[in-house]
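Here is an informal walk through one protein model. Have the viewer open and follow along.

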Amino acid sequence: MKEFIDYLPGLLTDTLTAVVTNLYHNWLPLSFAILIAALMKVYLDSEKLKQMLLKKPRVSILASVAFGAFTPLCACGTMAVVIGLLSTALPWGPIMAFLTSSPLMSPDTYIMIAGILDFKFANALAVASLLIGLISGGLTHIIEQKTHFLDNQLRFSMKSNVKACACSASALALEQISAENTCGCSTASFDTNVIPLVNTEPTLNFWQRLKVKEVGQALLEVGLKQILFYFVIFVALGYLVQSFVPTSFIITLFSSESIFSVPLAALIGLPLYVSGAGAIPLIKALMDGGAGAGAMMAFMITGPATSLWVITGITTFMKKRVIGLYIGFILVGGILMGYLYQILIAMGI
């Protein structure tokens with residue numbers, strides 16, 4: 001015990017040095033990723049995007065995948081959008097497509113993977129997120145259409161369109177040019193004379209229009225509290241792995257030569273809470289230690305999507321059948337994409 005206490009200060013100093021060194025070498029992609037995530041959080045209206053999905057039911061699965069893969073939503077943001085989609089008439093297919101693609105890729109994750117690992121891995125993960133989203137959404141649509149497997153899988157009652165749609169006077173004032181609105185409410189039943197049609201809000205100055213304050217808050221919340229926080233944690237974890245885990249052990253578990261490395265990595269990532277962008281230093285440390293890229297691809301797919309925290313969250317509004325389907329899509333998708341990426345690398349593609 002005394003030896004460990006004596007060793008601890010040196011270990012902490014070395015770990016801190018590794019973190020600072022890693023930040024110094026990767027500050028450019030890290031800063032760019034944080035900036036992109038903050039700007040998208042401020043200027044990208046996820047509510048409008050959700051409404052676009054509802055207006056285009058024929059392409060809703062494709063739109064859901066694009067929305068999920070190309071927006072920087074954390075687990076909380078993903079769950080918030082899913083709850084919003086569940087409260088509408090949107091079927092399970094597009095919801096599953098969004099749910100499976102959203103945790104796997106985002107613009108900031110892509111930038112950091114490309115800058116710290118390489119573009120090949122970033123492109124492969126982006127394609128994997130799109131494929132998993134499209135396939136899981138399509139299969140879920142078939143299951144919902146052909147079977148009763150997904151019947152009554154919500155823990156709350158679906159409200160009718162009339163009840164769920166609150167027809168406020170201000171909203172109807174904007175709808176005067178149409179005979180009727182989507183809520184099924186007639187404008188004739190409201191006295192629009194009492195509605196102020198002139199914008200009485202004070203004119204916004206240049207900095208307010210640019211939302212500089214909101215961008216600053218997003219940089220703090222998304223950049224420091226999420227991306228940078230988890231990045232530092234996984235840099236430290238990666239250093240500890242390199243220091244205490246023998247290279248031979250890493251190679252034995254995750255080497256591309258082992259046929260079990262991909263499913264093993266996928267299963268290890270299944271219960272862990274892994275931030276996609278933050279986990280990159282750990283992935284790099286494992287790959288530097290001999291882990292195969294296919295195994296790390298599988299880990300990067302299951303880790304962010306199926307942590308115990310995420311599963312606990314979705315159990316509050318989804319039942320076991322749809323949750324099992326979601327976990328199955330992520331696990332099988334992670335394993336298949338890991339093997340596919342490993343094969344492509346072996347072929348020199």
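What follows goes from the overall picture to a few spots worth a look.

## The overall picture

First things first: this is a predicted model. The protein has 18 helices and 0 strands. Of its 349 residues, 43% are buried. Take the contacts with a separation of 6 or more, and 81% of them turn out to be between residues 24 or more positions apart.

On the outside, the accessible surface adds up to about 19,100 Å². Carbon and sulfur atoms account for 67% of that surface.

## Helix α8, the outward side

Helix α8 runs over residues 119-146, and it turns up several times in this report. Start with the surface: L62, V127, L131, L134, I135, L139 and I142 make up a nonpolar patch there. Together these residues offer about 580 Å² of accessible area. Helix α8 supplies the largest share of the patch, with 6 residues.

I142 is one of the patch members, and its place is in α8. With a relative accessible area of 45%, I142 is partly exposed.

## Helix α8, the inward side

G133 also belongs to helix α8, but its surroundings tell another story. Its relative accessibility is 0%, so G133 counts as buried. Setting aside neighbours within four places in sequence, G133 touches V65, A97, T100 and S101. There is also A69, which sits 64 residues away from G133 in sequence, with 8.6 Å between the two C-alpha atoms.

Three of those contacts of G133, namely A97, T100 and S101, are among the buried residues of helix α6. That helix spans residues 92-101 and is mostly covered, with 10 of its 10 residues buried. The buried set in α6 also includes W92, P94, M96 and F98.

## An aromatic link between α8 and α18

The model has 2 aromatic pairs. In one, the ring centres of F121 and Y341 are 5.7 Å apart and the planes meet at 85°, so this pair is edge-to-face. It ties together distant parts of the chain, with F121 in helix α8 and Y341 in helix α18 (residues 320-346), 220 residues apart.

Are the two partners buried or exposed? F121 is buried, at a relative accessible area of 2%, and Y341 is buried as well, at 7%.

## The nonpolar cores

The largest nonpolar core holds 57 residues. Within it, M296, I301, M318 and Y326 have the most contacts. A second, separate core has 6 residues, among them A266, L270, A298 and I335.

M296 is a handy place to look around from. Beyond its neighbours within four places in sequence, M296 is in contact with F121, F254, I283, L286, M287 and A291. So F121, the α8 partner in the aromatic pair, shows up here again as a contact of M296.

## Helix α15 and its salt bridge

Helix α15 covers residues 280-288. Its buried residues are I280, P281, L282, I283, A285 and L286. Two of them, I283 and L286, are also on the contact list of M296.

Which residues form the salt bridge, and how far apart are the closest N and O atoms? K284 pairs with D288, with 3.8 Å between those atoms, and the structure holds 1 salt bridge. Side chains of opposite charge can pair when their charged atoms come close. K284 and D288 are 4 residues apart in α15, so about one helical turn separates them. An α-helix has 3.6 residues a turn, so residues three or four places apart point the same way. K284 is partly exposed, with a relative accessible area of 31%, while D288 is exposed at 51%.

## Two positive phi values

Just after α15, G290 takes a positive phi of about 115°. The other case is N152, which has a positive phi of about 55° although it is not a glycine. For background, most residues other than glycine have a negative phi.

Where is N152 found? N152 lies in the loop between α8 and α9 (161-164). At a relative accessible area of 66%, N152 is exposed.

Methods. Residues are numbered from 1 along each chain as its sequence is written. This is a predicted model: local features need pLDDT of at least 70, side-chain atom pairs count only at pLDDT 80 or more; totals for chains, interfaces and linings use all residues. Side-chain values use heavy atoms; hydrogens and water are left out. Patches are made of residues with over 30% relative accessible area and no salt bridge: like charges are joined within 9 Å, nonpolar side chains (Val, Leu, Ile, Met, Phe, Trp, Tyr) within 5 Å. Accessible areas come from the Shrake-Rupley method with a 1.4 Å probe; for residues, only the protein chains shown count as cover. A salt bridge is a side-chain nitrogen of Lys or Arg within 4 Å of a carboxyl oxygen of Asp or Glu. Buried means under 20% relative accessible area, exposed over 50%, partly exposed in between (1.4 Å probe, protein chains only). Contact means heavy atoms within 4.5 Å. A nonpolar core is a set of buried Ala, Val, Leu, Ile, Met, Phe, Trp, Tyr and Cys residues joined through side-chain atoms within 4.5 Å. Rings of Phe, Tyr and Trp (its six-membered ring) pair if their centres lie within 6.5 Å; planes under 30 degrees apart count as stacked, over 60 as edge-to-face and the rest as tilted.
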